[in-house]
Amino acid sequence: MITPPPVAVTSFVGRERETAEVRRLLSTSRLVTLTGPGGVGKTRLAARVAEREARTFPGGVAFVELAELRDAALVPHLVADRLGLRHLGDAPVSRAIADHLRDRATLVVLDNCEHLIDACAELAAALLTGTRRAVLLATSRQTLQVPGEWVVPVEPLPIEDAVRLFRERAAAVWPGSVDASAPPDGPGRGPGAGPGPADDQRVLTELCLRLDGLPLAIEMAAARVRSLSPEQITDRLADRFRLLTSGPRTVPPRQRTLRATLDWSFELCTPQERRAWARLSVFAGSFGLDAAERVCADPEPAGADGIDAGDVLALIDSLLDKSVLVRREQAGGVRYRMLQTVREYGRERLCRDGEEDRVAGLHRQWYDELTEEAERDWVSDRQLELVGRLREELPDLRAALARSLSRPDEAGAALRMAARLPEFWLLRGLPGEARTWLERALAAAPPGDPDRALALCRCALYVLWQGDLEKVENLLVQAESLVPDGSPVTGSIAHVRAFAALLTAQPGTVALADTACAIFREHGYLRDELHPLFVHGVAVAYMDGDPVAARRSLVRMNEVCTAAGDLFYQAMSLFGRAIVEVEFGDAGTAREAATAALRLDLQTGDEHGLAYRLDALAWVADRQGEHVRAATLFGISDAFWDRIGTTADFAAGLPHQVHIGRCREALGDARFEQAFATGRAMSRDDALHFALTEPEPTAAGTADAYAGSGDPEPATALTDRERQIAGFVAEGLTSRAIAEKLTISTRTVDTHVQNILTKTGFGNRAQIAAWIVRGDQQPTR
């Protein structure tokens with residue numbers, strides 16, 4: 001009698017897409033292998049598929065569990081036993097199995113092949129060539145590498161399914177500890193539930209994220225709700241291998257604790273692979289082959305188990321095949337990462353091997369060199385490549401900085417790295433974080449460090465973004481005391497002072513910017529001259545009333561950037577042109593410049609620049625009499641200013657204050673606030689689409705608040721409920737928030753919104769909101 005798949009005694013959560021994909025492959029392929037790290041749910045998925053496919057295979061479904069088998073020679077015997085074959089005679093067992101299955105449509109599931117990989121591959125090859133209709137479904141931490149094999153990587157659960165799994169398992173362990181029926185996006189316990197065990201969605205999301213979405217780890221964590229709340233479990237995950245030791249007694253020993261699962265994978269690796277696993281665990285995020293070669297290779301040949309740089313690619317390939325590493329493709333090439341649980345296990349092994357300091361030192365050296373390269377080549381046609389690379393490397397740059405700051409002998413390296421790339425930190429909207437790293441590095445580094453003066457200037461720049469003007473000057477005075485006359489750092493001091501003077505509309509701005517430009521030109525520091533040119537251009541227009549000189553500086557800045565292939569400062573030069581033209585020139589030119597700058601910011605991902613450009617487009621709209629559009633754009637930009645931790649009143653100064661005041665006066669407070677609120681509540685995508693869409697002329701000769709496909713149907717075409725919901729959309733409420741307010745379902749709200757879009761001819765919620773703001777319809781409360 002054939003051994004069927006095990007009967008599930010707990011619910012099957014998620015995996016609908018994977019189940020469908022595996023079933024599809026089984027209809028066209030004869031060998032499908034599910035791969036993935038231990039505890040990711042390969043066996044459960046295989047059993048689910050086998051159960052669903054039972055009717056497709058008249059010859060039956062045989063489930064062969066190999067985890068407890070240690071002798072490779074017994075693999076065919078176990079498979080024969082599960083197929084119900086007895087008295088096989090003298091023929092090789094694999095041949096007897098093939099003869100038995102030759103014309104039978106049978107599904108054979110080989111579960112947990114990794115420790116018997118060669119024997120399983122040999123049997124699979126024999127069955128594929130010796131039968132016509134038999135199909136194999138294997139689960140393994142590495143592939144069988146048999147011709148005809150289709151590999152399906154089984155990923156960790158998406159966070160919504162991971163939280164759902166935790167809720168269901170925890171509720172089964174200790175009823176009332178969590179709300180098993182709570183939706184993924186909803187609160188766990190209802191009002192009045194009392195202080196009981198915490199069931200907050202944020203806590204459960206953090207818990208499941210830190211467990212990498214691994215079902216085995218999540219189920220072990222859920223078992224702990226007998227004695228710990230979800231918050232307490234999360235707090236104790238720093239020692240996850242001691243915490244997660246509550247697997248069911250009925251599962252194999254290797255699945256009863258998280259450590260046993262990882263031990264099993266580690267034992268299946270060669271000595272070289274184990275060493276590579278441990279060394280690669282030094283990476284906090286994803287990494288490329290070049291970085292892996294740096295940290296993995298032995299400093300000198302170390303015998304048969306040593307690792308040369310040339311061995312690293314093959315080792316990465318092996319660790320990918322054994323599900324220790326995860327592969328990720330991106331525009332710049334392939335990168336690799338470890339799940340956090342796998343990484344922490346590797347870190348333990350690295351410490352046990354006594355290699356932590358040496359490998360961490362190589363890691364820090366790599367990021368020191370990377371930031372040096374990016375600093376050198378920032379103003380070049382490599383800029384987008386560098387931005388993408390640094391964005392990917394940011395978790396490891398942070399790790400390298402933190403590690404260097406923890407060691408007095410490496411504080412100088414931390415100071416060097418933290419002082420580099422102010423453009424990148426601003427572009428990412430992280431000047432506050434950059435300031436923190438620099439302040440810590442300045443406190444840790446010796447007073448005589450040669451990079452200290454420049455680091456003080458860079459720190460002053462970040463402090464300036466946060467509005468602490470007194471501290472800015474204090475930092476610059478310290479820097480001045482460390483450098484001789486004629487040092488290029490004096491240009492940096494003059495630059496920050498000029499920028500501070502511009503932001504606070506102080507006299508002397510133009511002269512300070514001139515000084516900074518001259519010093520940088522004298523030393524050939526082209527990149528450092530660019531922002532002072534911007535400061536000079538804006539200051540000479542607004543403070544000296546000389547737009548001609550302003551355009552000259554900004555044109556020079558733009559030409560330098562264009563010739564070098566730079567986009568970051570090119571966007572800034574266009575923004576400078578918009579600032580000048582909106583007040584002293586043609587508003588259409590200002591709009592074109594600000595829009596072009598915004599498009600460049602989207603290419604580089606410049607969060608800091610986006611806030612400025614959006615604000616500038618609001619100034620232009622106000623100047624052109626498009627006051628509703630201007631107020632909406634002011635609301636949009638206000639949300640972007642919030643994200644980068646500053647305000648338009650400080651960062652954009654006089655132009656912002658002048659135009660927002662005029663706009664409010666033109667609309668009146670109530671109408672201005674409604675349009676402002678609409679813009680502020682827009683999603684990022686809707687906000688950027690709004691800003692980049694040219695307004696269409698209205699009958700009044702001004703621009704519509706939002707470019708639509710034409711005039712909407714009269715308000716009377718909407719039902720009372722639709723008018724009411726349109727009003728809430730204009731307030732920025734989500735469908736769920738509207739549903740709660742009206743005590744109806746979210747699906748009903750979505751249906752009403754779709755009806756509104758159909759009747760008005762609009763394409764999205766932002767257009768509905770802008771229509772309401774213009775006053776074409778008043779919401780019903």
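User: What percentage of the 781 residues in the protein is buried?
Analyst: This is a predicted model, where local features need pLDDT of at least 70 and side-chain atom pairs count only at pLDDT 80 or more, while totals for chains, interfaces and linings use all residues. Residues are numbered from 1 along each chain as its sequence is written, and side-chain values use heavy atoms, with hydrogens and water left out. Buried here means under 20% relative accessible area (1.4 Å probe, protein chains only). On that cut-off, the buried share of the 781 residues is 56%.

User: Which helix gives the largest share of the largest nonpolar core?
Analyst: A nonpolar core is a set of buried Ala, Val, Leu, Ile, Met, Phe, Trp, Tyr and Cys residues joined through side-chain atoms within 4.5 Å. The largest one has 200 residues, with Leu137, Phe166, Leu280 and Trp378 making the most contacts inside it. Helices are DSSP runs of H or I, at least four residues, numbered from the N terminus. With 11 residues in this core, the top contributor is helix α21 (residues 452-465).

User: How many residues does the other core, apart from that one, have?
Analyst: Val64, Leu66, Ile97 and Leu123 are among its members. This separate core comes to 32 residues.

User: What share of contacts between residues at least 6 apart in sequence joins residues at least 24 apart?
Analyst: Contact means heavy atoms within 4.5 Å. Leu280, for instance, touches Phe287 and Met338, among others, leaving aside residues up to four places away in sequence. Across the protein, for contacts between residues at least 6 apart, the share joining residues at least 24 apart is 70%.

How values were computed:
Buried means under 20% relative accessible area, exposed over 50%, partly exposed in between (1.4 Å probe, protein chains only). Helices (H or I, at least four residues) and strands (E, at least two) are DSSP runs, numbered from the N terminus.
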